[in-house]
Each structure stands twice: as structure tokens, then as C-alpha cells.
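Reader: I would like a close look at one part of this protein. Please take me through the pockets and the helices around them.

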Amino acid sequence: MSDETETGTGTPAGPQPEPLRFFGTTWAEHDGGYRGRRIGVAVGSLAAAVAACFVLRFAYQGLAIADVGKPVTVLVVVMFAVCSALAFRHTWDAFGKRPDPDRQASLRGLLAIGFIGSLLAYFFRSLTEAPGEKLHREEYETAREQYERRTKRRTGNPSRKRGGRS
């Protein structure tokens, strides 16, 4: 959140909404093509997941042609399934709370292998809202409330307060 003041450009004073990937700040007021962007993200993430499944199918067929053996083939399939499930869960949870940067760095390889799970999480979340919108909205509203409390003007002159002296 940035704490900008009005500069004559029409930017309101106070915190501004943080942009989301693919949505910018359209999530705040659901304007500027928000619905179209959500549909685009849903279709794009589903199409990417389907394309990725075809790529993995070709990899599976490559293992079958190479005749590496049943145990290796089963291990590869299980690895992609488990990594995809973990990536889905991690991505889904990241839409509701900020992930720990150290944990995120340690899971980078797992998330890369399970990218289909992340794509599916984007697809399912974009059916209801912009991915990450709920988290950003809560943070934005909290920042706006804090800003308004800080800038709320007092009524009366504080130097004229009665001090309890008689």
C-alpha cells in the first residue's frame, strides 16, 4: 500500500490498492474490464493446465518408449501427482494469507514440478474472484481504516480543554 496524497492528478489521499497480477487495481472497484480479466484468467489457466497435461503425457510416453521399467514410471507419475497436489494447496493458501518468503524459496522446486496444481488453483479461484483479491481487500480496508483514524480531525481547540482545576 502506498500512502500518497492528492497531487492534483485526481489521486485520492491515503493508501492506494496494491495491484494484482493480470488485474492491476481493477479488483478494488470491479471496474476497467474486471469481469473480462477474470474470465481470461480462468480460461488461460485452464488452457495452460490442459496443455501441460499433454506435455506430461508425451513425457510419460517417452518413458514407455525408453522402456525404463514399471517402478520408474510409477515413481514419475506419483511425483507429479503429489507435487501438483502440494502446489495446489500452497497456491490456494497463498490467496488467503501472505506466504513466508523463506518457505516460499524452499518450495520453489516443488512448485515448479507441480505447476499444474498452481494453474488449477488459479482457475478455481478466478471463478469466484481475482486470485488474491480477498487478501488484498482485507489489507486495503485495514489500511484505509487506519489512515482515516490517523487523519480524523478533533473537534474543538485542545488548548481550551478544562483541566479539572477549580
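Author: First, a definition. Ala, Val, Leu, Ile, Met, Phe, Trp, Tyr, Cys and Pro count as nonpolar, Asp, Glu, Lys and Arg as charged, and the others, Gly among them, as polar. Note too that this model is predicted.

Start with the largest pocket. By these classes, its lining has 11 nonpolar, 6 polar and 3 charged residues. The lining is made of 20 residues. Arg-21, Thr-91, Ala-94, Phe-95 and Tyr-122 lie nearest the centre of the largest pocket. Three elements give two or more residues each to this lining: α3 (70–94), α6 (115–126) and α7 (133–151). The space in the largest pocket is about 530 Å³.

Now the second largest pocket. About 200 Å³ of space lies there. Its lining includes Leu-86, Arg-89, His-90, Asp-93 and Ala-94. Lys-97, Arg-98, Pro-99, Asp-100, Arg-103, Leu-107 and Leu-110 also line the second largest pocket. Helix α3 gives the largest share of that lining, 5 residues. By class, the second lining has 5 nonpolar, 1 polar and 6 charged residues.

Next, see how α3 sits against α6. Their axes come within 7 Å and cross at roughly 40°. That crossing makes α3 oblique to α6. The crossing of α3 past α6 is right-handed. On the α3 side, the contact uses Ser-84, Ala-87, Phe-88, Thr-91 and Trp-92. On the α6 side, those residues meet Ile-116, Gly-117, Ser-118, Leu-120, Ala-121, Tyr-122, Phe-124 and Arg-125. This α3 and α6 contact divides into 8 nonpolar, 4 polar and 1 charged residues. Two names return here. Thr-91 and Tyr-122 take part in this contact, and both are among the residues nearest the centre of the largest pocket.

Helix α6 has another partner, α2 (residues 34–66). The axes of α2 and α6 come within 8 Å and cross at roughly 155°. The two helices are therefore roughly antiparallel to each other. Helix α2 passes α6 in a left-handed crossing. From α2 come Arg-38, Val-41, Ala-42, Ser-45, Leu-46, Ala-48, Ala-49, Ala-52, Cys-53 and Leu-56. They meet Phe-115, Ile-116, Leu-119, Leu-120, Tyr-122, Phe-123 and Ser-126 in α6. By class, the α2 and α6 contact has 14 nonpolar, 2 polar and 1 charged residues.

Finally, follow Tyr-122. This residue of α6 meets α3. Tyr-122 also takes part in the contact with α2.

Conventions:
Residues are numbered from 1 along each chain as its sequence is written. This is a predicted model: local features need pLDDT of at least 70, side-chain atom pairs count only at pLDDT 80 or more; totals for chains, interfaces and linings use all residues. Side-chain values use heavy atoms; hydrogens and water are left out. On a 1 Å grid over the protein atoms alone, a cavity is a set of points where a 1.4 Å probe fits but cannot get out, and a pocket is an open set with protein on both sides within 12 Å along at least five of seven lines; lining residues have an atom within 4 Å of a point. Grid points are joined across faces, edges and corners, and a volume is the space filled by probe spheres set on the points. Helices (H or I, at least four residues) and strands (E, at least two) are DSSP runs, numbered from the N terminus. Axes are lines fitted to C-alpha atoms, for helices over the stretch in contact, and angles run from 0 to 180 degrees between N-to-C directions. Angles under 35 degrees count as roughly parallel, over 145 as roughly antiparallel, 65 to 115 as roughly perpendicular and the rest as oblique. A crossing is left-handed if the near helix is turned anticlockwise from the far one by less than a right angle, and right-handed if clockwise. Contact means heavy atoms within 4.5 Å.
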